[in-house]
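User: I am new to this structure and would like to understand the words used to describe it. Could you take me through the reasoning behind them?

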Amino acid sequence: MLRLEKRPQPSRALSLSTPLIAVVVTMIAGGLLFAALGKNPFEAIRTIFWDPLFGEYAFYYRPQLLVKGAPLILIAIGLSLGFRAGIWNIGAEGQYIIGALCGAGAGLAFYPSDSVFLFPFMVIAGALGGWAWGMIPALLKVKFGTNEILVSLMLVYVADQLLAKMSLGLLKNPEGFGFPGSRNIADWESATSWIAADYGLHWGVAAAMIAVILAYILLNKHILGFNIRLSGEAPRAARFAGVNPTRLILFCLGTSGALAGLAGLFEVSGPSGQVNIDFAAGYGFTAIIVAFLGRLHPVGILLAGLLMALTYIGGDIAESQLQLPAAAIQVFQGMLLFFLLALDLLTNYRVKFAIQGAA
Amino acid sequence: MDLSAINPVLLIASLMVAATPLLLAAIGELVVERAGVLNLGVEGMMIVGAIAGFAISVETTSPFLGVIAAALCGALLSLLFAFLTQFALANQVASGLALTLFGLGLSALMGQSYVGVRPPAMARLDIPVLSDLPVVGPILFSHDPILYFGLGLTAAVWAWLKYARGGLVLRAVGENHDAAHALGYNVVRVRVLAIMFGGACAGIGGAYISLIRVPQWTEGMTAGIGWIALALVVFASWKPWRALLGAYLFGGINVLQLNLQAAGVAIPVEYLAMSPYLITILVLVIMSADKSGAPASLGRAFHASH
């Protein structure tokens, strides 16, 4: 008979190693899934995890790692702050879309300006857009006690419709021959987020790095970070210590919204290049997995974001080379979160073998 | 714009159809939450139910087998959540999200060969005299059997929660799991069964969308209905009859905005399409003031050692 015994302290060693174990277990389960789909599991796993890094065309795929990883890391850093405090923003996808719309809209209003202030202006507009979208669930929660999970998620669908409306209406390229979608921002010298497209470097990558460092400092050295952690781990103690929950909700949802908005702006003015109906690629949802896989820790999120980016790139390769369905990668990512959550048990509890009846 | 094209009788009849998947999923989640568990995986279980029901219906040409398969698949998927939250003691919010993300991927994978296929139609109720009555006929007596099943289920859940011993145990577990445990009830077993019931209901709700409401299979076709069902449970203050009222209200809004789109109202299609989500937020805001109906142990993990 198995019995669980709560550890007085969560095991640090296991806390660090469970994400790795989860990845390995997911690879095995994923291999079985790919085998069930009639693909060679070893070839599929190699194509997804090895080829983008060390394969023949790795020189092309490696920069992609930064391109796909940057938005995931940027969004996940923001989400992790709230998740730590028990504030659940799951509408990052919507904040990402609104950030892109506001940033691109602010830039396109001045087309074809070549001012050096244009791009910074777009960045601010993008961050503000995401922030405002994140503040809706925050304010409703603070004012009326509304559940932020449901409100932030509903706003994703609203943002989706706004995106469709904007790419067919206000932001549509006047010289686009009636096709949906805005002007190409990536080709517009003063508005693009690309620094060096050949190396996959854009301002989003830089912003992601800065976010990782700032989040690390915030959580480890700043009283606000301490309060965030306290509210999540010991809500009662936090109340006695005088932590202001209102401020915390506004800060966490606002910050994660702003970071998601930034991710959207950098994406729309670089890798994606234009506002269009199919702009939203699900980064906002995958970032939830990234945040958990990274143990809600900034450095962990950095690594998890790169790993998740790898599955995107490897999935694309496997789709074109092995005809592995794109949805298989989505299942793979979902499984990863499952195994991770299941293995978390070992961090907080000790599994003991006990004689039946003794307990 | 031609508003006279909107026929009120047909509007009410199609409102009931639009409300049924919401009602089924919401009643299931209501029972889960009354047992003290918050399962955010409704959307994932619904979409897997939608494709499972669709696939089995197409393969066996029997929509009833499809609906049963959808219920089984929904319950099976919910077992994953039950394992994570009840045995591995994982965070319920995170586990529910995982279930939704996983379900969306799984359904896309399962549904690849079913895009563009037409499912077999489910026979509608056809009572010689009653179904032909004007106004009352199309509204009350000529729907598909699942719609009536949804109404019956609402009544059954209400009566079970209120009068049955099992319902009392379930509510006790949801209000105070430590007390229920001390009384000798098996908290984990009650919760696992409730979670499976919720999964089966969500599965049937999903199958209703892909088999009757739409009827076809497209990726991500539940489009947030599972999430609206979660909001509906809050709206209903965890009471079955109010869930029915809420489902018809939401169904009505959805049907009305679709009718307005078709009638060519001057409001852009996109703004009409976002209205159900905005109204959900509005309703949540109004209902959030009163949390007295919420089960006291909602969302808290239970382990006998605590």
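**Why the labels fit**

Analyst: Happy to help! The crossing of α8(A) and α11(A) is left-handed. Please keep in mind that this is a predicted model.

User: Why are α8(A) and α11(A) called roughly antiparallel?

Analyst: Helix α8 (residues 203-221) and helix α11 (residues 245-268) of chain A cross at roughly 160°, and their axes come within 9 Å. Angles over 145 degrees count as roughly antiparallel, so α8(A) and α11(A) earn that name.

User: Which residues meet there, and what classes do they belong to?

Analyst: From α8(A) come A:W203, A:G204, A:A207 and A:A211, and they meet A:L259, A:L262, A:A263, A:F266 and A:E267 of α11(A). Seven of the residues in this contact are nonpolar, one is polar and one is charged.

User: What makes α1(A) and α2(A) oblique?

Analyst: Again, the angle decides. Helix α1 (residues 12-36) and helix α2 (residues 41-49) of chain A pack at about 120°, with axes 8 Å apart. Roughly perpendicular covers 65 to 115 degrees and roughly antiparallel needs over 145. An angle of about 120° fits neither range, so α1(A) and α2(A) are oblique to each other. Their crossing is right-handed. On the α1(A) side the contact is made by A:M27, A:G31, A:L32, A:F34 and A:A35, and on the α2(A) side by A:P41, A:A44 and A:I45. By class, that contact has seven nonpolar residues, one polar and no charged.

User: How do you know that α7(A) and α13(B) are roughly antiparallel?

Analyst: This pair involves both chains: helix α7 (residues 148-168) belongs to chain A and helix α13 (residues 275-288) to chain B. They pack at an angle of about 160°, with their axes 9 Å apart. The cut-off is over 145 degrees, and α7(A) and α13(B) are therefore roughly antiparallel. α7(A) passes α13(B) in a left-handed crossing. The residues in contact are A:L150, A:V151, A:M154, A:Y157 and A:V158 from α7(A), with B:Y277, B:L278, B:T280, B:I281 and B:L284 from α13(B). Nine of these residues are nonpolar, one is polar and none is charged.

User: How many residues of the two chains are in contact, and which element of chain B gives the most?

Analyst: On the chain B side 39 residues are in contact with 38 residues of chain A. The elements of chain B giving two or more residues include α3 (63-87), α4 (92-110) and α13. The most come from α4(B), with 12 residues. The chain B side divides into 29 nonpolar, eight polar and two charged residues.

User: Why does B:G224 count as buried?

Analyst: A residue is buried if 20 or more other C-beta atoms lie within 10 Å of its own. B:G224 has 20 such neighbours, so B:G224 counts as buried. B:G224 is in the loop between α9 (187-213) and α10 of chain B. Apart from neighbours within four places in sequence, B:G224 is in contact with A:Y157, B:E43 and B:Y277. B:G224 and B:E43 are 181 residues apart in sequence, yet their C-alpha atoms are 6.6 Å apart.

User: Is A:G284 buried or exposed, and how do you know?

Analyst: A:G284 has 28 C-beta neighbours inside 10 Å and therefore counts as buried. A:G284 is found in helix α12 (residues 283-293) of chain A. Beyond its neighbours within four places in sequence, A:G284 is in contact with A:I75, A:A92, A:E93, A:Y96 and A:A260.

User: What makes B:S237 partly exposed, and A:Q323 exposed?

Analyst: Exposed means 12 or fewer neighbours, buried means 20 or more, and partly exposed is in between. With 16 neighbours inside 10 Å, B:S237 counts as partly exposed. A:Q323 has 10, so A:Q323 counts as exposed.

User: What is phi like in these two residues?

Analyst: Most residues other than glycine have a negative phi. A:Q323 is not a glycine, but has a positive phi of about 55°. A:Q323 sits in the loop between α13 (298-322) and α14 (326-348) of chain A. B:S237, also a residue other than glycine, has a positive phi near 50°. B:S237 lies in the loop between α10 and α11 (240-263) of chain B.

Definitions and conventions: Residues numbered from 1 in each chain as written. Chains lettered and ligands numbered in written order. Predicted model: local features only at pLDDT ≥ 70, side-chain atom pairs only at ≥ 80, totals over all residues. Axes fitted to C-alpha atoms, helices over the stretch in contact; angles between N-to-C directions. Helix = DSSP H or I, 4+ residues; strand = E, 2+ residues; numbered from the N terminus. Parallel < 35°, antiparallel > 145°, perpendicular 65-115°, else oblique. Left-handed = near helix turned anticlockwise from the far one by under 90°. Contact = placed C-beta atoms within 7 Å. Nonpolar A, V, L, I, M, F, W, Y, C, P; charged D, E, K, R; others polar.
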